Amino acid sequence: MLLGVNIDHIAVLREARKINDPNPLDALGICKLAGANQITIHLREDRRHIHDNDAIAIIQHSALPVNLECSINPEIIDIVCKLKPARATLVPENRNEVTTEGGLDVKGNYEKLQKAIDKLHANEIEVSLFIDPKDEIIELSSQLEVEWIELHTGTFANVYAMLYTNLAQTHHTIKELELSKAELKSKLEKSIKEIETSSKLAKKLNLKIAAGHGLNYQNVTLISKIPEIIELNIGQSIIARSVFKGLEKAILDMKELIKND
């Protein structure tokens, strides 16, 4: 199982004080030494954490491949083509969201996606689509001739958190998931099954399969054991643990959990 470490939240901490520390660039060597396989960053339209100069420096200096998440905004695609990361992961963006809340509307944005994908491919950049685990979306992604898909695991993670953690007792409770344990278990099983089924279909269509969003040290093994998934992109939980254990140990802990012997 490959691990992409998303270092956006280092920049989130920096931007909280509007200073130049901590610098996400400092994480690159640590990620490599700890066994990460990829660096993931998200260049948002509102530049709320990673800025253009961060993206430039990270892509120039990272010994690991860089996966640059971005919207399909033509101006952003132009920037990505100039930066030339190893991979661009196209994601939906809503400026009011705390984090990405779902997969791309591939059907509704098919022509826009095709234009973005064609331009990225012309610049020799691999493309991944961040999508919900639905058969129709998998098939449309294959038609767009991308190399990768990244399955959105946010629904799974939310249900897991409401079932097995104390999230429901906090001010971050998810109102629509304030359900009985039996209902939550049923939803969790359904969510995992959808991810498994989508992974099987994607592999049949010769797509490489990643997964990410909301994965952490408690829930990740339920996803990492799905054999068709070959890469996980994880950020917030690793950076959060690094506050207490250091970044290297946080990555090593995650690598240990996701390894498939």
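**Figure 1. Tyr160 and its aromatic neighbours in helix H7 of the predicted model.** At 13% relative accessibility, Tyr160 falls below the 20% limit and is therefore classed as buried. Tyr160 pairs with Tyr164, with ring centres 4.9 Å apart and an angle of 55° between the planes, an arrangement that counts as tilted. These two tyrosines, Tyr160 and Tyr164, are both part of helix H7 and lie four residues apart, about one turn of the helix. Tyr164 has a relative accessibility of 48% and so counts as partly exposed. In total, the structure holds two aromatic pairs. In the pair of Phe156 and Tyr160, the ring centres are 6.2 Å apart and the planes meet at 45°, which means that this pair, too, is tilted. Because Phe156 and Tyr160 are four residues apart in helix H7, which spans residues 154–164, about one helical turn separates them. Phe156 has a relative accessibility of 1% and is therefore counted as buried. Phe156, Tyr160 and Tyr164 form one aromatic cluster.

**Figure 2. Arginine side chains placed over aromatic rings.** The charged end of Arg87 sits over the ring of Trp148, at a distance of 3.8 Å from the ring centre. In a separate view, Arg241 lies over the face of Tyr217, and here the distance to the ring centre is 3.6 Å.

**Figure 3. The closed barrel and the pairing of strands E6 and E7.** Eight strands form a closed barrel in the order E1-E2-E3-E4-E5-E6-E7-E8, and their pairing is parallel. Within this sheet, neighbouring strands are turned against each other by 25° on average, with direction ignored. Strand E6, made up of residues 148–152, runs parallel to strand E7, made up of residues 208–212, and five bridges join the two. In this part of the barrel, His152 stands opposite Gly212 in E7.

**Figure 4. Strand E4 and its pairing with strand E3.** Strand E4 comprises residues 87–90 and is covered on both faces, with Arg87 and Thr89 buried on one side and Ala88 and Leu90 buried on the other. Strands E3 and E4 run parallel and are joined by four bridges. Across this pairing, Cys70 stands opposite Leu90 in E4.

**Figure 5. Ser62 in the loop between helix H3 and strand E3.** Ser62 is found in the loop that lies between helix H3, residues 52–61, and strand E3, residues 66–70. Ser62 has a relative accessibility of 15% and therefore counts as buried. A polar atom of the Ser62 side chain lies 2.7 Å from the backbone oxygen of Leu64.

**Figure 6. Residues 167–194, a segment annotated in UniProt.** An unreviewed UniProt entry carries the annotation "coiled-coil region" for residues 167–194. In the predicted model, the chain over residues 167–194 is 50% helix and 0% strand, and the C-alpha atoms at the two ends are 24 Å apart.

Technical notes: Residues numbered from 1 in each chain as written. Predicted model: local features only at pLDDT ≥ 70, side-chain atom pairs only at ≥ 80, totals over all residues. Heavy atoms only, no water. Phe/Tyr/Trp six-rings, centres within 6.5 Å; stacked < 30°, edge-to-face > 60°. Buried < 20%, exposed > 50% of the residue type's maximum accessible area, 1.4 Å probe, protein only. Lys NZ or Arg CZ within 6 Å of the ring centre and 35° of its normal. Pairing = 2+ DSSP bridges. Axes fitted to C-alpha atoms, helices over the stretch in contact; angles between N-to-C directions. UniProt positions renumbered as here; feature names shortened; annotations may be inferred. Polar contact = N/O pair within 3.5 Å; in protein donor to acceptor, adjacent residues only side chain to side chain.
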